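Hi everyone, thanks for making time for this. I'd like to walk you through one structure, so let me put it on the screen.

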Amino acid sequence: MTGFGKACLQLPTKKITVEVKSLNSKNLDLNVRLPLTYREKELPLRNVIAQELERGKVDFSLYCEITAEETSNKINGPIVLSYIKQMQEIIPDADATELMKMAVRMPDALKVERLELDENEWTEIEKVIKEALVNINEFRLSEGRSLENDFRIRIANINDALQQVIELDHERILTVKERLRNNLQELQVTVDENRFEQEVIYYLEKMDITEEKVRLTKHLEYFLETLNGKEANGRKLGFISQEMGREINTMGSKSNHAEMQKLVVRMKDELEKIKEQVLNVL
């Protein structure tokens, strides 16, 4: 969602500059700044921006710089003369030039005439607004391609760690069974082998991570499948990341194996980086 777009337009008497900036946000948070002359176009303009950008904290600014000898500020003659007259009554010998300098600084000495909106002019401005929106979307696409590459690398890293976990799983079960048997031998007690096997099976069932391995594999595949989609999928990627986190956490709590726990930590680290970046996906 991060992006920046800018476009300019030179009209006969003014220069129009449009800037659009966007940052991460769960929804569309739109702030529009327009000169007073164009304020009546704010609502339709908001609709156009919402359709183009969809999500993000968006700041839209339209600047108008007068380039011809023309201004909407006019001296309020009667008010200025009234100020001068009042000051002459107070200071009869005062210099008229100095009084004039003081009078034009007084309240209401200048009046701003609101210019009527020229629809033909607005039509030209709309074109430059669309150009700025195209520019910010191109910026977003460029950022998105970088994020996509980063996601694929991190998903591959998680999958690689998962494959190592799968390889260690059989060794882990044998290690646990061997440790239990050694503990019994140290106690120097006679045990029923059938009962021992039943207890081992019950114990190992609690440590079984088969479901977690299968579900995490599916989540990784679904993440890449969603990443390849054409529609806006930032929220969906966020949900998938949360599900991946659940499986990785459960796997870690069941592992009871030092090397496997190291791999789980690696997966968590990669996933946290994915979650941070997913917030920037539309």
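Let's begin with the sheet. In this predicted model, four strands form an open sheet in the order 1-2-4-3, and the pairing is mixed. At the edges sit strand 1, residues 3–10, and strand 3, residues 28–33, each of which pairs on one side only. Going from one strand to the next, the twist averages 10°.

Now look at strand 3 and strand 4, the latter covering residues 56–66: the two run parallel, and six bridges join them. If you want a residue to click on, take Val-32, whose bridge partner in strand 4 is Phe-60. Packed on this sheet is helix 1, residues 42–53, which touches strand 2 (14–23), strand 3 and strand 4. The direction of helix 1 makes about 140° with that of strand 3.

A word on cysteines next. How many disulfides does the structure hold? Zero. As for accessibility, Cys-8 counts as partly exposed because its relative accessibility is 41%. Cys-64 has 32%, so that residue counts as partly exposed too.

Finally, please scroll along to helix 7, residues 234–255, where you'll find Glu-247. Is Glu-247 buried or exposed? Its relative accessibility is 7%, and the cut-off for buried is under 20%, so Glu-247 counts as buried. And what is Glu-247 in contact with, leaving aside its neighbours within four places in sequence? The contacts are Glu-212, Arg-215, Leu-216 and His-219.

That's my tour, and I'm happy to go back to any view you like.

Definitions and conventions: Residues are numbered from 1 along each chain as its sequence is written. This is a predicted model: local features need pLDDT of at least 70, side-chain atom pairs count only at pLDDT 80 or more; totals for chains, interfaces and linings use all residues. Side-chain values use heavy atoms; hydrogens and water are left out. Two strands pair if DSSP finds at least two bridges between them. Axes are lines fitted to C-alpha atoms, for helices over the stretch in contact, and angles run from 0 to 180 degrees between N-to-C directions. Contact means heavy atoms within 4.5 Å. A disulfide is a pair of cysteine sulfur atoms within 2.5 Å. Buried means under 20% relative accessible area, exposed over 50%, partly exposed in between (1.4 Å probe, protein chains only).
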